[in-house]
Amino acid sequence: MHTDTPSNGDDTRLAVTLSGGGAFGAAHVGVLQVLEERGIRPGIVTGTSSGALVGSAYAAGLDGAAIEQIARRFRWSRIAKWTMRPRWGLLDTTVVTNAIHGLLGEDPLIEDLPRKFGAVATDLRTRRTVTLDTGPLSTALRATIAVPGLLPPVRVHGRLLADGGMIDNVPYTAARELGAERVIVVHLHAKWENVRMMRTITQTADLARDPNVVLIQPEMERMAQWTMRDVGRLIEEGRRAANVALDAAEAVR
């Protein structure tokens, strides 16, 4: 895949978009490793839910090996803990801030990250997506992972925000809004997707026909979505799917 690479090594017109999917997000790690091995360096990263968690690490400048270590050590307690005073959800996600401090040494502003980053959330009032590309990283991540009823929504500039996957689990549009001309889209595909997910299915079909998109679809069948037992297999599946899609993209260029 051809890239336009400035002096800092990143292609500022190329984005990688990472969809949500709970523990399935470990597959994104394998995809990012393959991009690294092939010298493909997107300068823009967008994601929702677990895709935003993985994408934020990449946007912060961590390499594939470091992100794999994080994924293999990951426990849900690192991003949420039980609260005895539930209001909007059973869990409290303020521990995300502590996790980011432990990983990066600070809670950086998104606009200060080495790569342009946008976490996609849902505005619960308007039922529209919101791309968080400025402000504290922890705030954006807490919003994009906020599954209603389980993880509390986050108030940002007067808007009550929750998991972006409720409206758009494949935040390709956000990548275009951040300046991408070409986008590598990673859709965590599952054969059990049904009528309730027809919007995503229709969207990915459109993306597959777009010459400016490389669509990577790791197959999640028989993988655990809400436990971390399949992290190794998910990373390998992400690598497999990325190599297949990128080889195919090269063949038609």
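Here is a short walk through this predicted model, one selection at a time.

**Stop 1: a pair across the sequence**

Start by selecting D11 and R182. Their side chains form a salt bridge, with N and O 3.1 Å apart. Now colour the strands they sit in: D11 belongs to β1 (residues 11–18) and R182 to β9 (residues 182–186), so this contact ties together parts that are 171 residues apart in sequence. Is the pair buried or exposed? Both D11 and R182 are buried, so you may want to hide the surface to see them.

**Stop 2: from β9 to β10**

Stay with β9 and add its neighbour. Strands β9 and β10 run parallel, paired through four bridges. To find one spot along that pairing, select V186, whose bridge partner in β10 is I216.

Next, show the side chains of β10 (residues 213–216). In a regular strand, side chains alternate between the two faces of the sheet. Here V213 and L215 are on one side, with V214 and I216 on the other. Both faces are covered, and these four residues are all buried.

**Stop 3: one turn of a helix**

Jump to helix α3 (residues 64–73) and pick out E68 and R72, which are four residues apart, about one turn of the helix. Their side chains meet in a salt bridge at 2.8 Å, N to O. How accessible is each partner? E68 counts as partly exposed because its relative accessibility is 21%, and R72, at 45%, is also partly exposed.

**Stop 4: neighbours in sequence**

Select R229 and D230. These two form a salt bridge as well, and their closest N and O atoms are 3.6 Å apart. Check the accessibility of each: D230 is buried, at 6% relative accessibility, whereas R229 is exposed, with a relative accessible area of 65%.

While you are on salt bridges, select D10, R41 and R115 together: shared partners join them into one network. If you want to keep hunting, a search of the whole structure turns up twelve salt bridges.

**Stop 5: a charged patch outside**

Finish on the surface, so turn it back on. Which residues make up the patch of negative charge? Select E106, E111, D112 and D133, which gather there. Then zoom in on D112, found in the loop between α4 (95–104) and β5 (116–123). D112 counts as exposed because its relative accessible area is 57%.

Terms used: Residues numbered from 1 in each chain as written. Predicted model: local features only at pLDDT ≥ 70, side-chain atom pairs only at ≥ 80, totals over all residues. Heavy atoms only, no water. Patch = residues over 30% accessible without salt bridge, like charges linked within 9 Å, V, L, I, M, F, W, Y side chains within 5 Å. Areas by Shrake-Rupley, 256 points an atom, 1.4 Å probe, with all protein chains shown as cover. Salt bridge = Lys/Arg side-chain N within 4 Å of Asp/Glu carboxyl O. Lys, Arg positive; Asp, Glu negative; His and termini not counted. Charge placed at Lys NZ, Arg CZ, Asp CG, Glu CD. Helix = DSSP H or I, 4+ residues; strand = E, 2+ residues; numbered from the N terminus. Buried < 20%, exposed > 50% of the residue type's maximum accessible area, 1.4 Å probe, protein only. Pairing = 2+ DSSP bridges.
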